[in-house]
Each structure stands twice: as structure tokens, then as C-alpha cells.
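The following exercises are meant to be worked with the sequence and the coordinates open side by side. Try each task before reading its solution.

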Amino acid sequence: MKQSENKPGNDRFRHPTEFDVIVVGGGHAGCEASMAAARMGMTTLMLTISIDQIAHMSCNPAVGGLAKGHLVKEIDVMGGIMAEAIDETGIQYRRLNTRKGPAVRSSRAQADMYKYKTWVRERLETTEGLHIKQGMVEGFLTDGQKVVGVHTQSGEEFASRTVVIATGTFLNGLIHVGMTQYAAGRAGEFPALMLSGALAALGLNVGRLKTGTTPRLDAKTIDFDVTTPQYGDEEPLPFSFRTESIEREQVPCWITRTTEKTHLAIRDGLDRSPLYAGVIKGVGPRYCPSIEDKIVRFPDKIGHQIFLEPEGLQTREYYPNGISTSLPIDIQIRMLRTIPGLEEVQIMRPGYAIEYDFVYPQQLGLDLHVKSVPGLFLAGQINGTSGYEEAAAQGFLAGVNAALFVQGAPSLVLRRDEAYIGVMIDDLVTKGTSEPYRLFTSRAEHRLSLREDNADLRLMEKGYAIGLISEDEIARTREKVKEVARGLKDLSETKVTVDMGANSPVRGTPLIKALRQPGRNTWDLVKCNPEFTPHRDPVVLEQIEIQAKYEGYIQRQATMVEKMSRMESMTIPEDIDFQSLDAISREVRDKLDEVRPINLGQASRIPGVTPAAVSALMIYLARAKKEVG
């Protein structure tokens with residue numbers, strides 16, 4: 001092992017405790033990774049640059065949203081903490097896309113961001129086996145190619161059996177405000193300047209990305225009377241299956257819009273924009289562009305909607321969602337004061353862009369383990385993603401798999417047809433990314449089966465298998481499965497006289513056929529047959545209704561999954577020499593070598609791998625299997 005000894009004249013001190021898992025970073029990925037590993041019985045150390053900023057919301061003060069709400073619920077039903085955290089600290093809840101089909105309905109909640117990070121920190125600090133220390137990690141302890149610990153800027157060494165890196169935007173972070181730039185991981189926080197080099201020294205390919213945030217506004221200087229209130233749902237739906245109800249004050253957000261004067265102010269400042277002056281080299285998020293990018297890309301658009309979001313109940317600081325910017329401060333002020341309601345506004349913190357290093361995710365396995373470095377896992381923005389929820393989902397999976405690695409157990413890998421987490425990770429490690437990756441429902445080919453409402457039915461057994469779901473919790477979910485099955489059976493077997501439209505009652509109609517009529521729901525069926533649901537709760541009823549109404553579509557997706565599973569079952573040997581496959585073009589061989597897919601299904605999803613190449617690979621695998629047999 002490469003490490004320093006504790007002797008006079010040596011500045012490094014090696015702590016005597018050898019940890020099972022070290023997690024580097026205290027953001028949303030680091031929190032989930034630390035909790036998962038510790039709760040699975042691992043002696044776990046979280047190392048973070050600032051303990052005070054654990055679980056800090058660097059950008060918008062909210063959890064969930066389109067597809068992101070799915071991630072939060074998937075984390076929850078396997079034993080993660082993000083859903084409980086938002087249920088304990090949320091100040092406005094909204095269900096999105098309620099007028100659309102169940103596949104795209106998503107939950108979102110505004111957070112009291114200060115209470116949120118306080119709640120998470122307390123949960124971490126009271127978890128048995130989890131230790132938290134403040135320190136900036138600068139490099140790794142290694143034994144050959146294997147990572148066996150880390151060392152910090154202050155000269156401390158910590159030995160461990162695995163390491164999870166979850167550093168967010170801190171790797172060589174560089175903030176831009178106009179033509180001014182300075183090193184930082186977030187505004188007011190130190191960057192990690194040495195760790196990227198340490199990752200590169202391990203042989204990892206590192207790139208550069210960019211993201212940004214909005215100026216923060218003083219509510220005392222906002223005229224809310226000329227904005228439009230946006231209220232949450234009257235009956236907030238919790239994120240966590242453990243939360244029975246939300247009994248807390250709900251507050252509104254406020255909507256306003258940019259104007260032509262706003263756009264003119266922005267155009268006048270573009271010559272001092274680091275984005276358009278060529279100062280910023282990193283690639284920014286396509287789906288969350290800065291306000292200056294919106295104005296340039298959509299010159300004919302009259303106005304852009306802005307949501308004024310409170311950051312908490314005990315602060316007057318507001319987050320103007322929709323105007324991320326890196327323009328100079330004088331242009332930020334001028335721009336803001338052209339927006340209705342913000343004519344007298346004062347900025348509490350300026351908006352900025354930040355560039356940071358990331359690791360190209362094709363170098364990871366589907367378990368987020370670095371393929372070439374045993375014992376090293378990566379999670380969050382270091383893998384090229386954006387968003388708290390994407391980070392938390394990766395952190396959870398990385399923490400679980402780090403623990404399984406220590407135990408010598410098989411990794412937890414989620415398939416694309418099992419979870420949105422599986423979709424995201426497969427996209428990252430198979431296709432890679434050249435811009436901050438954001439999850440959408442449209443990325444999931446099986447989205448009708450991957451709904452928010454059935455996350456527990458899909459994934460809780462996996463959480464139970466790894467020890468993060470209790471006996472009582474899995475028992476309740478298993479009973480729910482039985483209740484849904486009984487309800488669907490009753491729907492098919494119970495026949496009544498039902499008005500099927502045009503005042504034409506039909507005798508002997510199965511309830512399931514009546515339910516599929518437009519505008520009907522399970523509560524309508526109770527009127528026809530009061531004994532249908534005497535003991536079933538609304539959650540079970542919703543599940544019955546969705547499965548009954550969309551049975552044909554769900555079955556079609558199941559058929560697609562079955563076809564794909566046959567390809568997924570054709571595993572590719574780890575030691576295969578792709579370059580020896582003469583029937584495949586050199587370009588495709590290089591792509592296969594880069595990703596090193598574990599099965600034929602993953603190989604088929606690599607950009608540039610043609611159907612002909614997949615067929616050739618399939619023939620090779622079949623022949624190899626026959627020869628072995």
C-alpha cells in the first residue's frame with residue numbers, strides 16, 4: 001500500500017480506524033451513499049469540505065418534478081432518505097401533469113432549504129456506524145491499482161475498503177460573474193483543486209462541464225401584488241410511503257414574466273457575458289439554459305415565465321426560477337428591474353455560472369464501480385448529471401454497491417425496464433454524455449410500467465433484499481400486491497347493469513369494462529356494487545384503476561420487455577477481445593471496447609453500434625456458448 005508512516009518529520013497522520021466505505025462529498029449523492037452504506041452495516045466515513053453545508057440546495061429550493069419525482073420515490077422504496085427529508089420540510093406540494101396519463105404524472109415540492117439540510121444532517125449524525133469529518137480530499141491511497149483510502153489537504157490519511165466520490169461541482173470549480181472569475185466549488189466555498197489530477201493519475205478520462213444558478217432576491221423589495229400566485233395542492237400527497245399525511249403550512253410561489261425591455265437589457269450585456277465572449281469552455285445544460293441563452297436561441301419569444309420561489313419560512317430570500325445567468329452584476333440588476341414585480345428589487349446574492357470537472361461515465365459499470373479501479377465508485381455530477389434527484393439516486397446505488405462490494409456479494413443493478421434509476425445509469429454508462437444529463441420521462445421506453453404510483457411494487461423487494469426495508473414495510477407492500485390482484489379479479493368477475501352511454505343500460509357488464517369507459521373511476525363502480533371496495537384504501541384503488549384501464553398497453557410493454565430480456569440474458573464475457581471480431585467494423589469494435597458492455601442488450605444501445613454489428617456479435621456469442629457446452 002502506498003501510504004505514509006506516522007513518524008517524526010512526516011506531515012501525514014494515518015487514522016487508526018480502517019473504514020469499510022469512505023464517501024467523499026456531503027451533497028445529495030454523498031448523503032444517500034453514506035446512509036445506505038452505514039445502514040447496511042458498513043463502518044462509513046463521510047468526508048466533506050464543509051460540514052455546515054451538508055445537503056445544501058445549491059440551486060432551486062425544490063425536490064421532484066417531471067421524471068425527478070419518480071427517482072425520489074424509487075430511492076424511497078428501496079430505503080433512501082430524500083423522500084422523507086422533503087416530507088419533513090416541504091412548504092408547497094404539487095402533482096404535475098394530473099390531466100395527462102399516469103406514466104407522466106410527477107410529484108414536486110418546494111423545500112424549506114434550511115430546515116431540509118438541518119433534518120438530513122441530524123439523520124446522518126444519529127445513524128449508527130456513520131462518522132462525519134471535515135476535510136478536503138486531495139488523493140488516494142492505493143494498493144496496486146486498487147483504491148484503499150484517501151488523504152486530505154490537512155495531511156490526514158484514512159484507510160478503507162472502498163471509496164465513493166460524490167463531489168458535485170467542486171472538482172476544479174471556477175465561478176463566472178461577467179468577466180470576473182474565481183475558483184470555488186459553490187459561491188463562498190473552496191474548490192477541490194487536486195482531486196481531478198488524482199483521478200486522472202488512476203487512468204480516468206476527465207472532461208469539463210458548466211452549470212449555473214440565478215440571483216437570489218430580497219422579498220422586501222418584490223411587489224407581489226403585480227404577480228400571479230401559484231398555490232399548491234389542497235391535499236398534499238407525500239413523497240415517502242412512510243409518511244401518512246402532510247400537516248404543515250403551505251405557501252404560494254409567484255409567477256411573472258420577462259419583457260421586451262428585459263431582453264433588450266440582456267442583449268446589451270452579451271459582449272460582457274462569459275458565455276458569449278468565449279471565456280466559458282465547459283458545455284452547459286441544454287434543458288436548463290441561462291436566460292441569456294434563451295434570448296439568443298429564441299429571439300422571437302415575447303416573454304419567458306419566471307417562478308418566484310421562497311427558500312424557506314424563516315427567510316425572505318427568493319429564488320427566481322427561470323433566469324439562471326452569468327451576466328455582470330450591473331446587467332443582472334438592470335435586467336431584473338424590467339420584470340413586473342421586480343422594479344425595485346435588490347439582489348442578495350448574484351447569479352453565476354460554474355465550470356467543473358467530471359469523469360466520462362462510460363468508464364463505469366452499471367453498478368457505478370469504476371471498471372479499471374477496484375474499490376472506487378462515482379456518483380452524482382462527477383458522472384455528468386445535473387439535478388439533486390439524479391445525484392441522490394446515483395449516490396444511493398453507489399453506497400449500496402460499495403457495501404455489497406465489501407461483503408463480496410453481487411452488485412445491485414437496475415434494468416431499464418425496472419426503474420428510472422436504471423434508465424439513467426444505462427444512458428450514462430452506455431451512451432455517455434457531453435453535457436449535463438437530465439432525466440425525462442421520454443427517455444424511458446417502458447414509462448407506462450415505470451410510474452410513480454407503483455414504485456413500491458416494482459422495487460421494494462430489492463430494498464428488502466439488501467436490508468434497507470424492514471419486515472413490517474415489506475409485509476404491507478406484499479399485502480398491497482394481493483389487494484390489487486383481488487380487486488382486479490373482482491372487476492373481471494362482477495357483472496352489473498351499467499349505463500354505457502346514450503342512456504342504454506347494458507345488463508351483465510363486467511365492472512372492468514365499465515371502468516374503461518371515458519370519465520369513469522373506481523368510486524363510480526362503488527355505486528354499482530357497494531361491496532366492491534369496502535376495505536380498500538385510495539392508494540390501492542388508484543393502482544387497481546390504472547392497471548385495469550391500461551391493461552392492454554401495459555401488456556404490450558411487457559411483451560417488449562420480454563423480447564429485450566432475451567438480449568439482456570446473452571451475457572458478454574469480461575475478457576472478450578472485441579478487436580478480434582473481424583465481422584464487425586473497426587469503428588464499432590472501438591466503441592464496444594470503450595464501453596465494455598456486459599450483455600447484448602447493452603451493446604445494442606451504444607451509439608454507433610449498428611444492427612448488423614449486433615447480429616454479428618449475437619452469432620459469435622451463440623457459437624462461443626455452443627463450443628463451451
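**Exercise 1.** Decide whether alanine 67 is buried or exposed, and state what is notable about its phi angle.

*Solution.* Begin with the accessibility: in this predicted model, alanine 67 has a relative accessibility of 0%, and because buried means under 20%, it counts as buried. Next, place the residue in the fold, where alanine 67 is found in the loop between β3 (62-64) and α2 (68-78). Finally, turn to the backbone, where alanine 67 shows a positive phi of about 70° although it is not a glycine.

**Exercise 2.** Carry out the same analysis for asparagine 97, asking where it lies and what its phi is.

*Solution.* Asparagine 97 is placed in the loop between β4 (90-96) and β5 (106-111). Its phi is positive, at about 65°, although asparagine 97 is not a glycine. The relative accessible area of asparagine 97 is 24%, so the residue is classed as partly exposed, a class that runs between the 20% and 50% cut-offs.

**Exercise 3.** Find the salt-bridge partner of glutamate 84, and work out which helices the pair links.

*Solution.* The first step is to identify the contact: glutamate 84 forms a salt bridge with arginine 123, and the closest N and O atoms are 3.6 Å apart. The second step is to locate both ends, which shows that the pair links distant parts of the chain, with glutamate 84 in helix α3 (residues 82-89) and arginine 123 in helix α4 (residues 113-125), 39 residues apart. The third step is to classify each residue: glutamate 84, at 16% relative accessibility, counts as buried, whereas arginine 123, at 25%, counts as partly exposed. For context, the structure holds 41 salt bridges.

**Exercise 4.** Examine the salt bridge between glutamate 545 and lysine 549, and determine in which helix the two residues lie.

*Solution.* The side chains of these residues, glutamate 545 and lysine 549, meet at 3.5 Å, N to O. Both are part of helix α15 (residues 538-549), where they are four residues apart, or about one turn of the helix. With a relative accessibility of 18%, glutamate 545 counts as buried, while lysine 549, with a relative accessible area of 27%, is partly exposed.

**Exercise 5.** Describe the contacts made by arginine 267 and by histidine 263, and say which of the two residues named here is buried.

*Solution.* Arginine 267 forms a salt bridge with glutamate 260, with 3.2 Å between the closest N and O atoms. Arginine 267 is partly exposed, having a relative accessible area of 32%, and glutamate 260, at 47% relative accessibility, also counts as partly exposed. Histidine 263 has its place in helix α6 (residues 260-268), and its side chain is joined to that of threonine 258 by a polar contact of 2.9 Å. Histidine 263 counts as buried, since its relative accessibility is 1%.

**Exercise 6.** Which residues are linked in a network of salt bridges that includes Arg416?

*Solution.* Starting from Arg416, the network takes in Asp426, Asp427, Lys431, Glu445, Glu568 and Arg605 as well.

**Exercise 7.** Name the residues that form a negative surface patch, and then characterise aspartate 225 and glutamate 343 individually.

*Solution.* The patch is formed by Asp223, Asp225, Glu343 and Glu344. Aspartate 225 lies in the loop between β13 (216-218) and β14 (228-230), and with a relative accessible area of 74% it is exposed, because the cut-off for that class is over 50%. Glutamate 343 has its place in another loop, between α8 (329-336) and β18 (347-349), and at 37% relative accessibility it counts as partly exposed. The side chain of glutamate 343 reaches the backbone nitrogen of glycine 341 at 2.9 Å. As a last step, relate sequence to space: glutamate 343 and proline 215 are 128 residues apart in sequence and 15 Å apart from C-alpha to C-alpha.

**Exercise 8.** Determine how far threonine 477 is from phenylalanine 405 in space, and whether threonine 477 is buried or exposed.

*Solution.* Threonine 477 is found in helix α12 (residues 471-493). The C-alpha atoms of threonine 477 and phenylalanine 405 are separated by 28 Å, the two residues being 72 residues apart along the chain. At 8% relative accessibility, threonine 477 counts as buried.

Methods: Residues numbered from 1 in each chain as written. Predicted model: local features only at pLDDT ≥ 70, side-chain atom pairs only at ≥ 80, totals over all residues. Heavy atoms only, no water. Patch = residues over 30% accessible without salt bridge, like charges linked within 9 Å, V, L, I, M, F, W, Y side chains within 5 Å. Areas by Shrake-Rupley, 256 points an atom, 1.4 Å probe, with all protein chains shown as cover. Salt bridge = Lys/Arg side-chain N within 4 Å of Asp/Glu carboxyl O. Lys, Arg positive; Asp, Glu negative; His and termini not counted. Charge placed at Lys NZ, Arg CZ, Asp CG, Glu CD. Buried < 20%, exposed > 50% of the residue type's maximum accessible area, 1.4 Å probe, protein only. Polar contact = N/O pair within 3.5 Å; in protein donor to acceptor, adjacent residues only side chain to side chain.
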